[in-house]
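Colleague: Could you take a close look at the aromatic pairs for me, and place them in the setting of the whole chain?

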Amino acid sequence: MSDIGSDEFEEEHNKHGEYEGDRNEAGERHGVGKAVLPNGDVYQGEYQNGKRHGQGTYHFKNRAKYVGDYSHNMKHGQGTFYYPDGSKYEGMWVEGSRQGHGIYSYPNNDTYDGEWLGSMRHGQGVYHHHQTGSKQKGAWVNGKMESAGEYIHSNHIYKGNFVNNNPNGPGKYVFDIGCEQHGEYQAEEDRVEGEWGELAPATVLKWIPKCITGPTPQTPNEETSSELQSSGGES
């Protein structure tokens, strides 16, 4: 969901909007005031030398709302953005983008708590799946799980490397009963039936078990392997 609205372009419309509030000796908006833009957006808060600067609240015409810090007309510092679809971001902003630590609550009640860069999940963080209770914990790059991470379920944890939000290469399942299954995920090309009955190419992740350590160590055979179709990750 985009954070960019007409607040980014208020300066070029200032002459045509309405403003009530403090001004400096040069006639610029300076101090506390309220601006109504021609398109119906409303900003109420602090100004400095004609620009939004300090604490403020911006109401968008599409029902979105931002409450937090501004610097030179851009969201910068700590702030909360309420989106029209019901999602919410609460955290740090840098020059108008989500950057630093923040918590994003999605419309389906999923949440991501972690680091951001350029308004995308980037760095260390935890994504919580509300419906299943499972969690993805680890490193994120451009919105996807990458490198070392964990997929935490109710009674077991998968630990390994991830590529494009999916497990890849060597890893292990750690079960609550005290045993671990070591193995490797391999990506294989397959064809699955599409919406209209046609066969479409798809990437399938196949788990190749190697050994089990713990209370009952053993070497599983090929029949214990399982397949997982790639989901592509969250948006």
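Modeller: Let me begin with the whole chain, where, among contacts (heavy atoms within 4.5 Å) between residues at least 6 apart in sequence, 19% join residues at least 24 apart. This is a predicted model, in which local features need pLDDT of at least 70 and side-chain atom pairs count only at pLDDT 80 or more, while totals for chains, interfaces and linings use all residues. Residues are numbered from 1 along each chain as its sequence is written, and side-chain values use heavy atoms, with hydrogens and water left out.

The protein has one helix and 17 strands, taken from DSSP runs (H or I of at least four residues for helices, E of at least two for strands) and numbered from the N terminus. Of its 235 residues, 36% are buried, a word that stands for under 20% relative accessible area, with exposed meaning over 50% and partly exposed in between, using a 1.4 Å probe and protein chains only.

Turning to the rings, the whole structure holds 29 aromatic pairs, counted when ring centres of Phe, Tyr or Trp (its six-membered ring) lie within 6.5 Å, with planes under 30 degrees apart called stacked, over 60 edge-to-face and the rest tilted. One of the pairs is formed by Y112 and W140, which meet edge-to-face at 5.4 Å centre to centre, with 80° between the planes. This pair links distant parts of the chain, since Y112 belongs to strand β9 (residues 111-117) and W140 to strand β11 (residues 135-141), 28 residues apart. Both Y112 and W140 are buried.
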